[in-house]
Amino acid sequence: MHLLSTTSSEKKEFPWWLAIAAAIAVAAAIFVATTEIYSQVFSTVAKGIGITVFVTLVGFSLASILGLGIALMGLSGSVWLRQISRFYVEIIRGVPILVLLFWIAFVGAPAFVAGWNAAMAPLHEAGLGSPLQVRDVSLLWRAIMALTIGYSAFISEVFRAGIQSVDAGQIEAAKALGLTRFQRFRLIILPQAIRTILPPLGNDFVAMVKDSSLVSVLGVADITQMGKVYASGSFRFFETYSIVAYIYLVLTVGLSLTLRALERRMRKGHRT
């Protein structure tokens with residue numbers, strides 16, 4: 001009885017934390033806009049927002065596609081595909097994102113270029129095209145690929161758990177109706193699994209927004225890198241990194257609230 005009343009009160013509880021956070025955010029925005037030094041810092045750091053958003057959206061989209069493929073391999077009837085999937089997930093999850101970023105940038109990219117040139121050697125000898133140079137693979141795309149590979153291992157586990165949460169009886173009924181494997185996945189499994197997948201997938205998306213700051217170690221001009229360059233030239237470390245933290249907080253809290261609203265809408269739609 002106490003548990004039920006607590007749950008009911010939580011549903012009706014006013015989000016004071018959000019009101020306080022919003023008030024602080026508005027006050028901070030007014031202060032930044034009316035203070036010359038903070039306004040200057042913000043205008044400089046804000047130039048990196050586009051890169052941060054681009055890295056996050058592209059990296060997360062690619063990681064989701066790769067993660068779904070790895071999850072389907074892990075649920076396949078082939079023991080070899082299942083073992084390859086498990087090997088990939090366990091190895092990639094065991095490597096820190098920052099280490100993976102350095103490895104992809106300075107080991108993986110040169111190895112890819114060498115392999116590409118070896119495969120294209122006959123065409124190059126025939127005068128068709130020229131060998132690829134390591135510098136031709138931009139640091140931006142090396143960073144995106146590192147985030148893609150790193151997050152795909154975690155996202156694959158999210159997809160796997162969501163797919164396995166679907167009642168096996170419904171899948172058997174779909175088989176009895178003659179639906180193909182793709183039709184079963186598209187019409188039966190995915191619509192039900194998405195309700196289980198969305199919350200942890202949203203958490204991974206918000207986490208990638210924050211982890212995208214790691215691309216600054218490669219000199220990619222994201223929010224963190226723009227702040228680093230400005231602070232090292234002006235020695236305004238307090239002002240600069242306060243603005244950097246403020247921008248990331250606005251992005252991540254805004255995304256979290258949007259995802260929660262989407263989850264609530266999906267739950268209401270499921271009940272009706």
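A helix here is a DSSP run of H or I at least four residues long, and helices are numbered from the N terminus. With that in hand, here is a quick tour of a predicted model. The protein has 12 helices and zero strands. Its trace spans about 75 × 70 × 30 Å, and its largest nonpolar core has 31 residues.

**Overall build**

- Reading along the sequence, you meet one helix after another, in the pattern α-α-α-α-α-α-α-α-α-α-α-α.
- The protein has a radius of gyration of 23 Å, whereas a compact globule of 272 residues would come in near 19 Å.
- Those spans of about 75 × 70 × 30 Å are taken along the principal axes of the C-alpha trace.
- Take the contacts between residues at least 6 apart in sequence: 75% of them join residues at least 24 apart.

**Surface and charge**

- Buried residues make up 33% of the 272 residues.
- The accessible surface comes to about 16,200 Å², and carbon and sulfur atoms account for 69% of that.
- There are 23 positive and 14 negative charges in the protein, and the mean positions of the two sets sit 8 Å apart.

**The nonpolar cores**

- As a bit of background, nonpolar side chains tend to be buried together in soluble globular proteins.
- In the largest nonpolar core, with its 31 residues, the ones with the most contacts inside the core are Leu147, Tyr151, Ile155 and Leu201.
- Four helices give two or more residues to this core: α4 (49–74), α6 (97–119), α8 (139–164) and α10 (181–211).
- Helix α8 gives the most to this core, namely nine residues.
- Leu201 touches Phe60, Ile155, Val158 and Phe159, once residues up to four places away in sequence are left out.
- Apart from the largest core lies another one, of 10 residues, and its members include Tyr38, Val41, Val244 and Ile247.

**Two buried residues to look up**

- Val58 is found in helix α4, where its relative accessible area is 19%.
- Because the cut-off for buried is under 20%, Val58 counts as buried with that 19%.
- Beyond residues up to four places away in sequence, Val58 touches Trp141 and Ile144.
- Val58 and Ile70 are 12 residues apart in sequence, and their C-alpha atoms are 18 Å apart in space.
- Asn117 has its place in helix α6, and Asn117 is buried too, with a relative accessible area of 19%.
- Setting aside neighbours within four places in sequence, Asn117 is in contact with His124, Pro131 and Leu132.

**Partly exposed residues in the helices**

- Phe154 sits in helix α8 and is partly exposed, with a relative accessible area of 36%.
- Which residues does Phe154 touch, not counting residues up to four places away in sequence? Those are Arg93 and Asp204.
- Phe154 and Trp116 are 38 residues apart in sequence, with 29 Å between them in space, C-alpha to C-alpha.
- Ala28 belongs to helix α2 (residues 16–34).
- Ala28 has a relative accessible area of 23%, so it is partly exposed, given that buried means under 20% and exposed means over 50%.
- Ala28 and Gln83 are 55 residues apart along the chain, and 51 Å separates their C-alpha atoms.
- Leu262 is in helix α12 and is partly exposed, at a relative accessible area of 39%.
- Leu262 and Pro199 are 63 residues apart in sequence, yet 9.5 Å apart in space, C-alpha to C-alpha.

**An odd backbone angle**

- Most residues other than glycine have a negative phi.
- Phe235 is not a glycine, but it has a positive phi of about 60°.
- Where would you find Phe235? Look in the loop between α11 (223–234) and α12 (237–271).
- Is Phe235 buried or exposed? Phe235 is exposed, because its relative accessible area is 63% and the cut-off for exposed is over 50%.

Conventions: Residues are numbered from 1 along each chain as its sequence is written. This is a predicted model: local features need pLDDT of at least 70, side-chain atom pairs count only at pLDDT 80 or more; totals for chains, interfaces and linings use all residues. Side-chain values use heavy atoms; hydrogens and water are left out. A nonpolar core is a set of buried Ala, Val, Leu, Ile, Met, Phe, Trp, Tyr and Cys residues joined through side-chain atoms within 4.5 Å. Buried means under 20% relative accessible area, exposed over 50%, partly exposed in between (1.4 Å probe, protein chains only). Contact means heavy atoms within 4.5 Å. The radius of gyration is taken over C-alpha atoms; the globule rule is 2.2 Å times the number of residues to the power 0.38. Accessible areas come from the Shrake-Rupley method with a 1.4 Å probe; for residues, only the protein chains shown count as cover. Lys and Arg count as positive and Asp and Glu as negative; His and the chain ends are not counted. The place of a charge is taken as NZ of Lys, CZ of Arg, CG of Asp or CD of Glu.
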